[in-house]
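I opened a fresh notebook page for this one and wrote things down as I looked them up. Come along and read over my shoulder.

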Amino acid sequence: DGRDRPVVFVDYADDGTMLAGGDFDFRGTGPARSIQVFRAQPWEMEWLGHKHPDTVDALKTAKEFERCTIPGRRLSIWYNGMMEACNNADKIMKELAK
C-alpha cells in the first residue's frame with residue numbers, strides 16, 4: 001500500500017551459501033525471492049558495509065543482516081535461523097525500529 005515499513009526476512013543458510021545480493025541468477029532461495037518482492041537488484045544489497053558477492057559466513061558469525069540500500073525499501077535478511085533470531089530479539093527489534 002506504499003507505506004514504508006521495515007521487514008526482516010528470517011532464514012537459515014548453511015555456511016558457504018551465497019548472500020541474496022550475490023545470487024545473481026536468483027536460484028530460488030527465500031532471500032533471493034525476498035529481494036525480488038522488494039523490486040531490488042542484487043547490487044543494491046549490502047552486508048557489513050560491503051556490496052560485493054560473498055557468502056553468509058561473516059554475517060552469521062557477526063550476527064548481522066544483509067540490507068537493501070534503496071531508500072524506502074527497508075529489507076533486512078537474517079541468515080542465522082529462527083532460534084538465533086529469538087536469542088537475538090534485541091537486534092531484530094532494533095532493525096525493525098530503523
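**Entry 1: a serine and a glutamate.** I began with a pair of side chains: Ser76 and Glu95 make a polar contact through them, at 2.5 Å. I am working with a predicted model here. Ser76 is found in strand β4. Is Ser76 buried or exposed? It is buried, because its relative accessible area is 6%. Glu95 also counts as buried, with a relative accessible area of 6%.

I then listed the company Ser76 keeps beyond four places in sequence: Val7, Val8, Phe9, Phe65, Glu66, Arg67 and Glu95 are in contact with it.

**Entry 2: the strand around it.** Next I looked at both faces of β4, residues 75-78. Leu75 and Ile77 are buried on one side, and Ser76 and Trp78 are buried on the other, so both faces are covered.

Which strands does β4 pair with? With β1 it pairs in the parallel sense, over four bridges. With β3, residues 65-68, the pairing is antiparallel, over three bridges. I noted one residue pair for each: Phe9 stands opposite Ile77 of β4, and Arg67 has Ser76 in β4 as its bridge partner.

The hairpin of β3 and β4 has six residues between the strands, and there Gly72 takes a positive phi near 85°.

**Entry 3: the whole sheet.** I stepped back to see how the strands line up. Four strands form an open sheet in the order β1-β4-β3-β2, with mixed pairing. Why do β1 and β2 each have one side without a neighbour in the sheet? They stand at the edges, each with a single partner strand, so one side of each is left free of a sheet neighbour. From one strand to the next, the twist averages 25°.

For the pairing of β2 and β3 I wrote down the antiparallel sense and three bridges. Glu46 stands opposite Arg67 of β3.

**Entry 4: a helix on the sheet.** Which strands does α1 touch? It packs on the sheet and touches β1, β2 and β4, and its direction makes about 175° with that of β4. The buried residues of α1 are Gly30, Pro31, Ala32, Ser34 and Ile35, and these pack against β1, β2 and β4. Just after α1, I found Arg39 with a positive phi of about 55°.

**Entry 5: the nonpolar cores.** A reminder to myself: in soluble globular proteins, nonpolar side chains tend to be buried together. How many residues does the largest nonpolar core have here? It has 15, and those with the most contacts inside it are Leu19, Ile35, Met45, Cys68, Leu75, Ile77 and Tyr79. β2 (45-47) and β4 each supply at least two residues of this core. Another core, of five residues, lies apart from it, and among its members are Val8, Phe65, Ala85 and Ile92.

I looked up Met45 on its own. Not counting residues up to four places away in sequence, Met45 touches residues including Gly21, Ile35, Glu66, Cys68, Leu75 and Ile77.

**Entry 6: an alanine in a loop.** Ala20 lies in the loop between β1 (7-10) and α1 (30-37). It counts as buried because its relative accessibility is 2%. Leaving aside neighbours within four places in sequence, Ala20 is in contact with Pro31, Ala32, Ile35, Pro42, Glu66, Ile77 and Tyr79.

**Entry 7: salt bridges.** How many salt bridges does the structure hold? I noted six. In one of them the side chains of Glu84 and Lys63 meet at 3.7 Å, N to O. Glu84 is in helix α3 (residues 81-87) and Lys63 is in the loop between α2 (57-62) and β3, so the pair ties together parts that are 21 residues apart in sequence. Glu84 is partly exposed, with a relative accessible area of 27%, and Lys63 is partly exposed at 28%.

Two more went into the notebook. Arg67 and Glu64 meet through their side chains at 3.2 Å, N to O; Glu64 counts as partly exposed, at 22% relative accessibility. Glu95, back from my opening entry, forms a salt bridge with Lys98, with the closest N and O atoms 3.4 Å apart. Through shared partners, salt bridges join Glu64, Arg67, Lys91, Glu95 and Lys98 into one network.

Technical notes
Residues are numbered from 1 along each chain as its sequence is written. This is a predicted model: local features need pLDDT of at least 70, side-chain atom pairs count only at pLDDT 80 or more; totals for chains, interfaces and linings use all residues. Side-chain values use heavy atoms; hydrogens and water are left out. Buried means under 20% relative accessible area, exposed over 50%, partly exposed in between (1.4 Å probe, protein chains only). Contact means heavy atoms within 4.5 Å. Two strands pair if DSSP finds at least two bridges between them. A nonpolar core is a set of buried Ala, Val, Leu, Ile, Met, Phe, Trp, Tyr and Cys residues joined through side-chain atoms within 4.5 Å. A polar contact is a pair of N or O atoms within 3.5 Å; within protein, one must be able to donate a hydrogen and the other to accept it, and residues adjacent in sequence count only if both atoms are side-chain atoms. Axes are lines fitted to C-alpha atoms, for helices over the stretch in contact, and angles run from 0 to 180 degrees between N-to-C directions. A salt bridge is a side-chain nitrogen of Lys or Arg within 4 Å of a carboxyl oxygen of Asp or Glu.
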